[in-house]
Amino acid sequence: MKYIIDRFEGEIAVCETEEGKMIEIDKRSIPAKAKIGDVLILVKGQLEIDQKSTQQRKKEIEKLMNEVWDD
């Protein structure tokens, strides 16, 4: 299962699941360096940042933004 960090609300990380459902995760359960837009995966019962998926998602968003702003 993958989760994308949508935003932080106090001590809660609001994340989107692969199915598009929004869930709340206690910030203490995610890596301290996690930020908005990071993709989290569950590994051996703990959430970790999926660096590969995060970078791929960032590139896809940049490509879409360039297409929108291209003249």
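Biologist: Leaving aside neighbours within four places in sequence, which residues is Ile-30 in contact with?

Modeller: This is a predicted model, and in it the contacts of Ile-30 are counted without its neighbours within four places in sequence. On that basis, Ile-30 is in contact with Ile-5, Phe-8, Ala-13, Ile-25, Leu-40 and Leu-47.

Biologist: How many residues does the largest nonpolar core have, and which strands each supply at least two of them?

Modeller: The largest nonpolar core has 10 residues, namely Tyr-3, Ile-5, Ala-13, Cys-15, Ile-25, Ile-30, Ala-34, Leu-40, Leu-47 and Ile-49. The elements that each supply at least two residues of this core are strand 1 (2-9), strand 2 and strand 5 (46-49).

Biologist: Is Thr-17 buried or exposed, and which residues does Thr-17 touch beyond four places in sequence?

Modeller: Thr-17 belongs to strand 2, which covers residues 12-17. Because its relative accessibility is 10% and buried means under 20%, Thr-17 counts as buried. Not counting residues up to four places away in sequence, Thr-17 touches Met-1, Lys-2, Tyr-3 and Ile-23.

Biologist: Which element gives the most to the lining of the largest pocket?

Modeller: The largest pocket holds about 200 Å³ of space, and its lining includes Lys-33, Asp-38, Ile-49, Gln-51, Arg-57 and Ile-61. With six residues, the element that gives the most to this lining is helix 1 (residues 51-69).

Biologist: How do the residues of that lining divide into nonpolar, polar and charged?

Modeller: Among the lining residues are Ile-36, Gly-37, Thr-54 and Lys-58. Taken as a whole, the lining of the largest pocket divides into three nonpolar, four polar and five charged residues.

Definitions and conventions:
Residues numbered from 1 in each chain as written. Predicted model: local features only at pLDDT ≥ 70, side-chain atom pairs only at ≥ 80, totals over all residues. Heavy atoms only, no water. Helix = DSSP H or I, 4+ residues; strand = E, 2+ residues; numbered from the N terminus. Buried < 20%, exposed > 50% of the residue type's maximum accessible area, 1.4 Å probe, protein only. Contact = heavy atoms within 4.5 Å. 1 Å grid on protein atoms, 1.4 Å probe; cavity = no way out; pocket = protein on both sides within 12 Å on 5 of 7 lines; lining within 4 Å. Points joined across faces, edges and corners; volume = space filled by probe spheres on them. Nonpolar A, V, L, I, M, F, W, Y, C, P; charged D, E, K, R; others polar. Core = buried A, V, L, I, M, F, W, Y, C linked by side-chain atoms within 4.5 Å.
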